[in-house]
Amino acid sequence: MTFIKNLLNHTKRFFLIITLLSFTGISITGCNLSQFKTNATQVPQLVNSILSDPKTFNYALSSESPNIFGYTYEGLINQNPITGKLEPALAESWQVSDDKSKIIFTMREGLKWSDGKPLTVDDVVFTYNNVYLNEAIPTDIRDILRIGKSRKFPNVKKLDQRRVEFSVPEPFRPFLQNASAAILPAHALRKSIETKDQDGKPEFLSKWGVDTPPAEIVVNGPYKLERYDTSQRIIFRRNPYYWRKDDQGNSQPYIERIIWQIVESTDTSLLQFRSGGLDSVGVSPDYFSLLKVQEKQGNFQIYNGGPSATTSFISLNLNKGKRDGKPLVDPVKSRWFNTVEFRQAVAYAIDRQTMINNTFRGLGQPQNSPISVQSPYYLTPEKGLKVYNYNVEKAKELLIKAGFKYNSRNLLEDQQGNQVRFTLLTNAGNKIRESMGSQIKQDLSKIGIQVDFTPLAWNTFIDKLSNTLDWDACLIGLTGGLEPNDGANVWSPDGGLHMFNQKPQAGQKPIQGREVADWEVKIHELYIQGAQEFDDGKVKEIYAESQKLTQEYLPFIYLVNSYSLSAIRNRFQGIQYSALGGAFWNIHEIKVIK
């Protein structure tokens, strides 16, 4: 699950994003680049791609990739994906009080929005108090801003024209990092917050959808949205009011225009990259050998960032609730899924090493944790993290222990004689996931489980996972990072990405009879403790315990951590490739040299 490599890490989101594909692709299917060729010789540009249309141009309402916000917004600070250090952005400096309860940010002078209006402390206060902390706005960012056991929010207030103070009711270690959420324009959005629609909801909820004329969208990042053609392309233009300048006083970024082609075929993306029409392509394992021998001839380089900062997993729907009197999950299947031995048996039955060798061509490693291997809080198997190495006999033993049995055809049945059969969903068009799903189907047949593997169109897939909750099992991924608390909305039972036992989100029908297991509560409590603790050794112990619980109870059955690979044209100077940030996280520094 590498998320779109051309998103900028320096506007890092505070929540985990459901990603569309394990590997990004570039294509011009349905697009005509000829109209850009004349200008391409006149202005420096970068041509990349995304694999589906964006869902919204409203930062606060976005919870998935692809999205435009890595190019269009910045927060008070950034996190460098190479060093992991926090660096100034819209704020030139900050000061933390001795008791860690307050942070005072000093804003840069002369900041402006893309429409030329001043960007001030008032925008910061508006962004947090009126948007992120507004209970009427269903934003995932709020899950990350909840503090400690009280789940209270920080207090944000203006001190003077350049200083803003954040204060917390109790110690909160990731507090400073949370200041990298995008700052939004009060002058463009305040009215939509204050005005209600006919249903009594803020008009903000329909503000800046994908049908909004790009000129109306006000941003503060290195690029502004210039054009969006549905299912074809997104075009970004350099923001003339962006604040960064180089050591010689030259305005940044240097690249004038960025084009994203919108396609659904990674095969076509490969052809277009090899023909020279695109500047970068995510390198999936099945493309690696072919592209590696063409590096010199094609004037590109394959960058390997090591294990990606992502997870890939299958999850069984553990929700025991009902909607309108109808169970979300067939009660027979729900009993299977909520049996921990059943989930462990499934984990043992999946041959991950064969998956690495065949599907990933050796370009990956087994994954066992929700925390990225780059994080200092990652627990290795050598230090106690439970792993599920391929073991069919162990899987069968666990099933029999849990009361399952085999019939005369060696098919698995439960105690009531129901054949064990369920549907596994993933997003169609992702060759890697489709290959993984096919192997999982085959592997589980060896322990008598029949899997109906069904790839779906992305929007249909996500609607089932997050809205109707009508699914048995899914194969998907989440993006990670250095700070475990970024995943708080996955592990909080009320979180927006607690997908294996999802609570209804804003505007959705209520669920009756949903149950939260003791281990779910415990993991949630550990994440709270980890955010409260400042002693690094103790923080590691807390997150080690949380990882042990996730591997014991397996709400997510982790599969393979692929390597982060991208092929980039040699016409760019300043690439600092990172598994966390990709190739263009430092887009403001990158130059076109050929």
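Me: Which way does H3 pass H5, in a left-handed or a right-handed crossing?
Reply: H3 passes H5 in a left-handed crossing (left-handed if the near helix is turned anticlockwise from the far one by less than a right angle, right-handed if clockwise). Here H3 is the helix at residues 121–132 and H5 the one at 186–194 (DSSP runs of H or I, at least four residues, or E for strands, at least two, numbered from the N terminus). This is a predicted model, where local features need pLDDT of at least 70, side-chain atom pairs count only at pLDDT 80 or more, and totals for chains, interfaces and linings use all residues. Residues are numbered from 1 along each chain as its sequence is written, and side-chain values use heavy atoms, leaving out hydrogens and water.

Me: At what angle do H3 and H5 pack, and how far apart are their axes?
Reply: The angle is about 25 degrees, and the axes lie 10 Å apart (lines fitted to C-alpha atoms, for helices over the stretch in contact, with angles from 0 to 180 degrees between N-to-C directions). H3 and H5 are therefore roughly parallel to each other (under 35 degrees; over 145 is roughly antiparallel, 65 to 115 roughly perpendicular, the rest oblique).

Me: Nice. Which residues meet there, in H3 and H5?
Reply: From H3 you have Asp123, Phe126, Asn130 and Val131, and they meet Ala186, His187, Leu189, Arg190 and Ile193 of H5 (heavy atoms within 4.5 Å). By class, this contact of H3 with H5 has 5 nonpolar, 2 polar and 2 charged residues (Ala, Val, Leu, Ile, Met, Phe, Trp, Tyr, Cys and Pro are nonpolar, Asp, Glu, Lys and Arg charged, the others, Gly among them, polar).

Me: On to H16 and H17. How do their axes cross?
Reply: H16 covers residues 518–532 and H17 covers 536–553; their axes cross at roughly 160 degrees and come within 9 Å. That is why H16 and H17 count as roughly antiparallel to each other. Their crossing is left-handed.

Me: What does H17 offer to H16 in that contact?
Reply: H17 brings Val539, Ile542, Tyr543, Glu545, Ser546, Leu549, Thr550 and Tyr553. On the H16 side sit Trp519, Lys522, Ile523, Leu526, Tyr527, Gln529, Gly530 and Ala531. Sorted by class, the H16 and H17 contact holds 10 nonpolar, 4 polar and 2 charged residues.

Me: And H6 with H7, what is the angle there?
Reply: Helix H6 (266–274) packs with helix H7 (285–292) at about 15 degrees, their axes 12 Å apart. That makes H6 roughly parallel to H7. The crossing of H6 and H7 is right-handed.

Me: Who meets whom in H6 and H7?
Reply: Tyr287, Leu290 and Leu291 in H7 meet Thr266, Asp267, Leu270, Phe273 and Arg274 in H6. This H6 and H7 contact divides into 5 nonpolar, 1 polar and 2 charged residues.

Me: Changing topic: which residues does a cis peptide bond join?
Reply: Glutamine 252 and proline 253, with omega about 0 degrees. Most peptide bonds are trans. You will find proline 253 in the loop between strand E9 (233–238) and strand E10 (257–262).

Me: What is the phi of aspartate 324?
Reply: Aspartate 324 is not a glycine, yet its phi is positive, about 55 degrees. Most residues other than glycine have a negative phi.

Me: Where does aspartate 324 have its place?
Reply: In the loop between strand E14 (322–323) and strand E15 (326–327).
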